[in-house]
Amino acid sequence: MFGWLGRSAARGILTTRYPDAPPTPSEAPVSAHAPEPRPAVPISPNAVAGCPVRAIAPDGVDQGRCIRCARCLAQGFEFSGPVALATAKRPDRPEGPGAILGGAAPLARLGRSIHVFLVDVGSCNACNLEVLSIAHPQYDASRLGIFFTNSPRHADVLLVVGVPTEAMVEPLRRAYDAIPAPKAVVATGACAIRGGVFEGTPGLRSGVDEIVPVDLYVPGCPPPPVAVLDALLRLIGRERTEAPT
Ligand code: SF4
Ligand code: SF4
């Protein structure tokens with residue numbers, strides 16, 4: 001026991017200080033930053049043609065589609081933008097829900113604690129791993145009042161990962177209906193936002209918001225755990241006031 005205590009004292013506290021401090025480079029790796037065209041380099045047709053998910057448009061990058069594959073880096077892009085955290089708008093759907101960044105948080109009246117029901121509607125498991133890692137000691141979401149629950153009836157948040165398969169449409173609707181109001185839905189990862197690399201595949205839906213209303217989108221493939229934490233904190237109005245770098 002004393003050996004264990006000694007090792008713990010020598011290591012110090014390993015839990016992230018985020019959101020009280022910006023995420024460390026390991027918590028927000030280079031690929032967690034949004035790809036942006038280098039100012040001096042116009043967006044080339046090669047970059048547009050080389051993007052495997054058609055995320056590059058003449059006016060920038062559709063963050064909901066981007067899978068951070070880095071193919072555009074050779075064409076004048078770099079991962080230099082801010083860490084791509086949660087957003088309330090799907091870039092390709094300007095008529096979608098208005099941005100809540102800096103505005104009212106849908107679950108603010110719940111105070112300082114929320115319960116999350118995680119549904120995988122067809123992920124490769126990477127989004128699952130990143131989401132669940134917020135419960136591990138390094139991120140320790142419980143210190144922030146964020147808990148996972150196994151029942152939608154006990155949940156405040158429906159957090160969805162993966163590209164929706166037809167078989168999961170009805171279970172996802174039922175899970176949404178079972179959550180008591182007030183509730184919020186977070187689409188996590190490129191697949192949940194608009195199908196990711198599977199967009200357009202027969203038998204799959206192009207995004208969770210074709211099935212249930214989505215309050216927040218968390219871009220990435222997969223998004224880093226700090227982005228998931230940021231989304232959940234935004235729902236209760238406890239996000240960082242300054243964007244992490
Ligand atoms: S990182 Fe990959 S997916 Fe994202 S814009 Fe560049 S080429 Fe497209
Ligand atoms: S967004 Fe990427 S990491 Fe997440 S389920 Fe889809 S393919 Fe996997």
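Colleague: Which helices each supply at least two residues of the shell around ligand 2?

Modeller: This is a predicted model. The shell around ligand 2 holds 13 residues, with Cys124, Cys127, Gly189, Cys191 and Cys221 nearest. Two helices each give at least two residues to that shell: H3 (126-132) and H5.

Colleague: How do the residues around ligand 2 divide into nonpolar, polar and charged?

Modeller: Cysteine counts as nonpolar and glycine as polar. Among the nearest residues are Cys124 and Gly189. Over the whole shell of ligand 2, the division is nine nonpolar, four polar and no charged.

Colleague: How many charged residues are in the shell around ligand 1?

Modeller: Ligand 1 is surrounded by 14 residues, and Arg71 is among the closest, along with Cys51, Cys66, Cys69 and Cys72. Arginine counts as charged. The shell of ligand 1 has 12 nonpolar residues and no polar ones, and its charged residues number two.

Colleague: Is Glu199 buried or partly exposed?

Modeller: Glu199 sits in the loop between helix H5 (190-194) and strand E9 (216-218). Its contacts beyond four places in sequence are Val53, Arg194 and Ser206. Burial requires 20 or more C-beta neighbours within 10 Å. Glu199 has 18 inside 10 Å, so it counts as partly exposed.

Colleague: How far apart in space are Glu199 and Arg65?

Modeller: In sequence, 134 residues separate Glu199 from Arg65. From C-alpha to C-alpha, the distance between Glu199 and Arg65 is 9.2 Å.

Colleague: How many residues of helix H1 are buried?

Modeller: Helix H1 covers residues 2-11, and just after H1 Gly12 has a positive phi of about 75°. H1 lies largely in the open because, of its 10 residues, the number buried is zero.

Terms used
Residues are numbered from 1 along each chain as its sequence is written. Chains are lettered from A and ligands numbered from 1 in the order in which they are written. This is a predicted model: local features need pLDDT of at least 70, side-chain atom pairs count only at pLDDT 80 or more; totals for chains, interfaces and linings use all residues. A residue is near a molecule or strand if its C-beta atom, placed from the backbone, lies within 6 Å of it. Helices (H or I, at least four residues) and strands (E, at least two) are DSSP runs, numbered from the N terminus. A residue is buried if 20 or more other C-beta atoms lie within 10 Å of its own, exposed if 12 or fewer, and partly exposed in between; C-beta atoms are placed from the backbone. Two residues are in contact if their C-beta atoms, placed from the backbone, lie within 7 Å.
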